[in-house]
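Here's a quick briefing to go with the model. Have a look at the chain first, then read on.

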Amino acid sequence: MTRTATEKTPVTLLGLGAMGTALARAWLAAGHPLTVWNRTPSRARALAAEGARAAGSAAEAVAANALVVVCLLDDASVEDTLTGTDLTGKDLVNLTTGTPAQARARAAWAAARGARCLDGGIMAVPPMIGVPEAGGHVLYSGARDLFEEHRDTLAVPAGTTYVGGDPGHAALHDVALLSAMYGMFAGAAHAFALIRREDIDPTAFAPLLADWLTAMAPAVHGTAEQLRSGDYTKGVTSTLAMQVAGTPTFLDTAGEQGVSPELLEPFFALMRRRLAEGGREEDLTGVIDLLLRRST
């Protein structure tokens, strides 16, 4: 039997926390038949009142549909929930946050049980789900044909971005992007700390900070090009030597303002190490190689 153009793909969703509930409501609003299960039954009953079918067990929910989406607490929760279910012939989309290694192992685990698997990294918070203009999206990795087969259904809650056939790459992209976000937040925290004891309205300072961060963000393209070419002096406007020479001002200012330098000093220390190794004419890209050496 062939599904007509007007029929919507049925979806099973396991996990109804804040994110899972947002996903469920987006699929329901778009007219997808939805079967849900949650360890706490009351959450499933609430969605049943909105049109979902509440399954009595994870096994029952998995059996209901070919497309099974999992959005649970962690990788251990995924295994605990799916153990004892029949995954034969199922298309499993794992939206549970985990590491690249966990995603690869879970994909192999699913394949051994007869399922095809996509891993996903959600780049959104629950209020962004089902709101296209909010800009939320989900990174997917795994078999390209499986992603294409379910692309339209997966695009209902949030935009989709395919990042490769390696099942671990969605998780890797997710953590890499979030790591950059926390680095930005660290810089913003230091900036606000510097002005905290002054007669400066933080709400007046915030637009200046946001505009500056926005103006600096495109620098990542230059970094990427230097990494690809291997030439860390390409397109440099402020050499590493110049930037290291300026760092005492940042540390002295922090001292004058009574602000700890602990968010800045580790990066400055890496800059000094790279300079000592001969990176005088480079940009900051060489610091990346120092991080790789530190991790081995």
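In helix H11, the buried residues (under 20% relative accessible area with a 1.4 Å probe, protein chains only) are Phe-268, Leu-270, Met-271 and Arg-274. They line one face of the helix, because down the axis of H11 they fall within an arc of 155 degrees, taken from the directions from the helix axis to the C-beta atoms.

This is a predicted model, where local features need pLDDT of at least 70, side-chain atom pairs count only at pLDDT 80 or more, and totals for chains, interfaces and linings use all residues. Residues are numbered from 1 along each chain as its sequence is written, and side-chain values use heavy atoms, leaving out hydrogens and water.

**More on H11**
- H11 covers residues 265-276, and its twelve residues reach 16 Å from first C-alpha to last, close to the 16 Å expected at 1.5 Å a residue (1.5 Å times one less than the number of residues).
- Just after H11, Gly-278 takes a positive phi of about 105 degrees.

**H7 against H8**
- H7 (residues 169-195) and H8 (residues 202-216) pack at about 145 degrees with axes 11 Å apart; axes are lines fitted to C-alpha atoms over the stretch in contact, and angles run from 0 to 180 degrees between N-to-C directions.
- The contact (heavy atoms within 4.5 Å) includes Met-184 and Phe-192 of H7 and Phe-205 and Leu-209 of H8.

**Whole chain**
- The chain has twelve helices and eight strands, which are DSSP runs (H or I, at least four residues; E, at least two) numbered from the N terminus.
- Buried residues make up 38% of the 296 residues.

Note on methods
Buried means under 20% relative accessible area, exposed over 50%, partly exposed in between (1.4 Å probe, protein chains only).
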